[in-house]
Amino acid sequence: MTTQIPFAIDFHVHSDDSYDGHEPIELVLEHAADIGLDGVVITDHDEISESLRAAAIAPEYGLVGIPGVEVSTRHGHLLAIGVEERPDPGRPFVETVETVRKLGGIAIVPHPFQRSRHGVRKRHIRDVDAIETYNSMLFTGYRNRRARTFARRRGYPEIGASDAHYLPNVGKAYTEILVAPDEGNPTKADIDGDDLVDAILEGRTQIRGKRTPIHKSTVQYSKGAVRKSAYLVTSRAPLVPTMPASMDRS
């Protein structure tokens with residue numbers, strides 16, 4: 001029997017290229033390596049440039065490089081993992097899932113059902129590749145339990161992730177992916193992001209970690225709300241620069 005190789009990946013992390021992120025990718029990658037992760041996926045809001053750069057330099061930190069983006073669909077957020085091009089934001093959820101697959105990636109629903117964080121409602125989740133059933137940035141476990149029940153009843157693979165916007169929160173929750181080596185990829189060093197994506201589709205995942213402390217989640221939510229409010233005000237004011245400019249995505 002072939003021994004499966006475990007990989008610890010945090011699939012939902014934001015950098016300073018997100019309007020509500022804070023750290024550059026170099027610090028995120030260094031921290032991920034320091035705490036023993038095998039990789040992180042930078043999933044900035046509707047922006048993929050820093051994720052592509054992170055995936056390219058990840059091997060310098062001893063990590064697997066996987067690009068991604070958190071897309072704002074018409075019906076809520078969607079993680080596009082393994083893509084090298086950003087799907088257009090603002091499109092219907094089902095259409096965006098199809099686009100992600102055409103781009104060679106997988107579509108994962110983050111923090112489902114949580115409308116305060118643009119979670120997709122149940123009626124829109126008809127055909128996806130995986131569900132984020134453990135998001136460390138929730139105040140209580142109710143939404144995670146509901147997401148887990150939904151995924152298991154429908155046979156969707158499950159992932160866990162930190163949804164970190166601050167460096168200390170990276171890796172608070174993550175996914176352990178079990179990859180079976182073959183003749184082409186006999187060792188851990190030979191396995192790449194495509195192998196990990198395939199393992200997710202086959203459901204070879206286990207969720208690890210714990211919730212981010214409530215006071216840290218509160219700080220993240222509060223600062224994010226302030227930045228969103230500043231954007232809404234400045235984007236409507238003539239002759240005033242949009243703040244933060246990173247929210248002004250097309």
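**Entry 1: Lys 122 and its surroundings**

I began with Lys 122, which is partly exposed at a relative accessible area of 43%. I note at the outset that the model is predicted. I then looked up where Lys 122 sits, and found it in the loop between β5 (106-109) and β6 (130-135). Next I asked which residues gather with Lys 122 in a patch of positive charge on the surface. They are Arg 146, Arg 153 and Arg 154. The value of 43% for Lys 122 fits the cut-off for such a patch, because its members must have over 30% relative accessible area and no salt bridge.

**Entry 2: The chain as a whole**

I turned to the protein chain and recorded six helices and nine strands. The chain has 250 residues, and 53% of them count as buried. I looked up its surface as well: the chain exposes about 11,600 Å², and carbon and sulfur atoms supply 50% of that area. I also examined contacts between residues at least 6 apart in sequence; 66% of these join residues at least 24 apart.

**Entry 3: Salt bridges**

How many salt bridges does the structure hold? I recorded nine, and I looked at several of them in turn.

I took Glu 50 and Arg 53 to begin with. These two residues form a salt bridge, with the closest N and O atoms 2.8 Å apart. Both belong to helix α2 (residues 49-57), and because they are three residues apart there, about one helical turn separates them. Is Glu 50 buried or exposed? I noted a relative accessible area of 16%, so Glu 50 is buried. Its partner Arg 53 has 33% and is partly exposed. I then found that the pair does not stand alone, since a network of salt bridges links Glu 26, Glu 50 and Arg 53.

I next looked up Glu 95, which forms a salt bridge with Arg 91; here the closest N and O atoms are 2.8 Å apart. Glu 95 is partly exposed, with a relative accessible area of 31%. Arg 91 is also partly exposed, at 35%.

The side chains of Asp 129 and Arg 101 meet in another salt bridge, at 3.0 Å from N to O. I asked where the two partners lie. Asp 129 is in the loop between β5 and β6, while Arg 101 is in helix α3 (residues 93-102), so the pair, 28 residues apart, links distant parts of the chain. Asp 129 has 12% relative accessibility and counts as buried, whereas Arg 101 is partly exposed at 31%. I added a cross-reference to the first entry: the loop that holds Asp 129 is also where Lys 122 lies.

**Entry 4: Gly 68**

I finished with Gly 68, which has its place in strand β3 (residues 68-73). Why does Gly 68 count as buried? Its relative accessibility is 0%, and buried means under 20%.

I then listed what Gly 68 touches, leaving out residues up to four places away in sequence. Val 41, Ile 42, Thr 43, Ile 48 and Ser 51 are among its contacts. Ala 80, Ile 81 and Val 83 are contacts of Gly 68 too.

Lastly, I compared Gly 68 with Glu 50 from the salt-bridge entry. Gly 68 and Glu 50 are 18 residues apart in sequence, and their C-alpha atoms are 9.6 Å apart in space.

Notes
Residues are numbered from 1 along each chain as its sequence is written. This is a predicted model: local features need pLDDT of at least 70, side-chain atom pairs count only at pLDDT 80 or more; totals for chains, interfaces and linings use all residues. Side-chain values use heavy atoms; hydrogens and water are left out. Patches are made of residues with over 30% relative accessible area and no salt bridge: like charges are joined within 9 Å, nonpolar side chains (Val, Leu, Ile, Met, Phe, Trp, Tyr) within 5 Å. Accessible areas come from the Shrake-Rupley method with a 1.4 Å probe; for residues, only the protein chains shown count as cover. A salt bridge is a side-chain nitrogen of Lys or Arg within 4 Å of a carboxyl oxygen of Asp or Glu. Lys and Arg count as positive and Asp and Glu as negative; His and the chain ends are not counted. The place of a charge is taken as NZ of Lys, CZ of Arg, CG of Asp or CD of Glu. Helices (H or I, at least four residues) and strands (E, at least two) are DSSP runs, numbered from the N terminus. Buried means under 20% relative accessible area, exposed over 50%, partly exposed in between (1.4 Å probe, protein chains only). Contact means heavy atoms within 4.5 Å.
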